[in-house]
Amino acid sequence: MSTTEVDDALRRAAAVIAAAPEVALACHVNPDGDALGSMLALHLALRAAGRRSVASFPEPFVVADHYRDLAGLDTLTEPAAFPEAPAVMVTFDAGSIDRLGGLAAAAGRATELIVVDHHVSNTRFGTINVIDPTAAASGVVVRRLLAALDLPLDRDVAIDLYAALICDTGRFQYESTTPEVFDLARELAAFDLPIPSLSRTLFEEHRFAYLGMLGEAVARMVLEADRGLVWTAVTQDMLARHGCTLDEAEGLIDIVRRTREAEVACVLKETDDGRVTVSLRSVGRVDVCAIATARGGGGHRFAAGFTSEADLDGTIALIRAAL
Ligand code: AMP
Ligand code: MN
Ligand code: MN
């Protein structure tokens, strides 16, 4: 998508949202800081302007504890109460319709489906696709959408956009950290943001029990130097022994990827329904999005994921083969 195509889609999306009596917003399953932050930013800005907006995400309808300082979590609607056939629906940070889980049916029935995203692997499943793979976060696209809608920022909107921005740039460290990212950060910081407390809850603070499990997961890391691969797994047994939940282990990949000898880092997580979710990171030439997309997932060149029906051994074998 060229810049003019994105701008054109942005204008059409703004016109549809501006004319709608109510909009229904949804972000991807197991939402991260960008999914929640980008969706809540538009939701709160619309509501502050007296507009009707419903925001949700698919089951399991649980927000991971480290997102508790985002603004507007108390205004979320549970997915069972989401409109069945919305006139105007907007999705956030979802690269394909199946990432909407139980809300995919509503998306399929929506009259206008506006897809706001930045995944290079996006399948363009909307009637209006506002997809900018050069944007560091879906929140960056939302900032531009707010401008097109003439909706002002306030402190709560700024908190949510800032969370989206720092989560998807790894606190201004990843490839995606462009001058535009700092321009937006500067604009948001002017709203008296609680930067230290947001950093601590989003990235640093963990329960003591989780840090014990982290120790075990790190001790079990496997380096396959000939393939340039480092990986570890979080099993249901480990979670039970340490009294932890899978969503607490979201940042584990950022420890594993520190390995100097590896170009690709991988964390396998065994879910309670016997499947395995895979997080992949690249620090070099390998395009992990291609690996994830070939397995029905998606993401970005340097950060991607998929869900595997194979067991842990079978899943790591798939990844070895792909490398
Ligand atoms: P994660 O490793 O879960 O932080 O995800 C890294 C990137 O891959 C994010 O941009 C996700 O949107 C994407 N991703 C992760 N899991 C999946 C999946 N099952 N299907 C599609 N994209 C995914
Ligand atoms: Mn996301
Ligand atoms: Mn994102």
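User: Before we count anything, what makes two aromatic rings a pair?

Analyst: Rings of Phe, Tyr and Trp pair if their centres lie within 6.5 Å. Keep in mind that this is a predicted model.

User: OK, how many aromatic pairs does the structure hold?

Analyst: There are three aromatic pairs. One of them joins Phe-57 and Phe-61, with 4.9 Å from centre to centre and 40° between the planes, and that pair is tilted.

User: Why tilted, and not stacked or edge-to-face?

Analyst: Planes under 30 degrees apart count as stacked and those over 60 as edge-to-face, so the rest are called tilted. For Phe-57 and Phe-61 the angle is 40°.

User: Is Phe-57 buried or exposed?

Analyst: Phe-57 counts as buried, at 1% relative accessibility. Its partner Phe-61 is partly exposed, with a relative accessible area of 29%.

User: And which residues make up an aromatic cluster?

Analyst: Tyr-162, Phe-172 and Phe-182 form one cluster.

User: Switching to the metals. What holds the manganese ion (ligand 2)?

Analyst: His-28 (NE2), Asp-32 (OD) and Asp-93 (OD) coordinate the manganese ion (ligand 2), at 2.0 to 2.3 Å. Along the sequence, those donor residues are spaced H-x3-D-x60-D.

User: Where do the two Asp residues sit in the chain?

Analyst: Asp-32 is in the loop between strand E1 (22-27) and helix H2 (33-48), while Asp-93 is in the loop between strand E3 (88-92) and helix H3 (104-109). So the pair ties together parts that are 61 residues apart in sequence.

User: Is Asp-93 buried or exposed, then?

Analyst: Asp-93 is buried, with a relative accessible area of 2%.

User: What coordinates the manganese ion (ligand 3)?

Analyst: The manganese ion (ligand 3) has Asp-34 (OD), Asp-93 (OD), His-118 (NE2) and Asp-168 (OD) around it, at 2.1 to 2.3 Å. The spacing of these donors along the chain is D-x58-D-x24-H-x49-D.

User: Hang on, how far apart are the two manganese ions, and which residue coordinates both?

Analyst: The manganese ion (ligand 3) and the manganese ion (ligand 2) are 4.0 Å apart, and Asp-93 coordinates both. Two other donors of ligand 3 link distant parts of the chain: His-118 comes from the loop between strand E4 (112-117) and strand E5 (128-131), and Asp-168 from helix H5 (residues 155-169), 50 residues apart. Both His-118 and Asp-168 are buried.

User: New topic: how many salt bridges are there?

Analyst: The count comes to 18 salt bridges. Among them is Arg-52 with Glu-22, whose closest N and O atoms are 3.2 Å apart.

User: What does the Arg-52 and Glu-22 pair tie together?

Analyst: Arg-52 lies in strand E2 (residues 52-56) and Glu-22 in strand E1, so the pair ties together parts that are 30 residues apart in sequence. Arg-52 is exposed at 53% relative accessible area, whereas Glu-22 is partly exposed at 27%.

User: Got another one?

Analyst: Sure, Glu-263 forms a salt bridge with Arg-285, the closest N and O atoms being 3.1 Å apart. Glu-263 is in the loop between helix H10 (252-256) and strand E8 (264-270), and Arg-285 is in the loop between strand E9 (276-282) and helix H11 (288-294), 22 residues apart. Arg-285 counts as exposed, at 67% relative accessibility.

User: Which residues do shared salt-bridge partners join into one network?

Analyst: Asp-65, Arg-68, Arg-200 and Glu-205 are joined into one network that way.

Methods
Residues numbered from 1 in each chain as written. Chains lettered and ligands numbered in written order. Predicted model: local features only at pLDDT ≥ 70, side-chain atom pairs only at ≥ 80, totals over all residues. Heavy atoms only, no water. Phe/Tyr/Trp six-rings, centres within 6.5 Å; stacked < 30°, edge-to-face > 60°. Buried < 20%, exposed > 50% of the residue type's maximum accessible area, 1.4 Å probe, protein only. Donors = N, O, S within 2.8 Å, 3.2 Å for Na, K, Ca; no water. Helix = DSSP H or I, 4+ residues; strand = E, 2+ residues; numbered from the N terminus. Salt bridge = Lys/Arg side-chain N within 4 Å of Asp/Glu carboxyl O.
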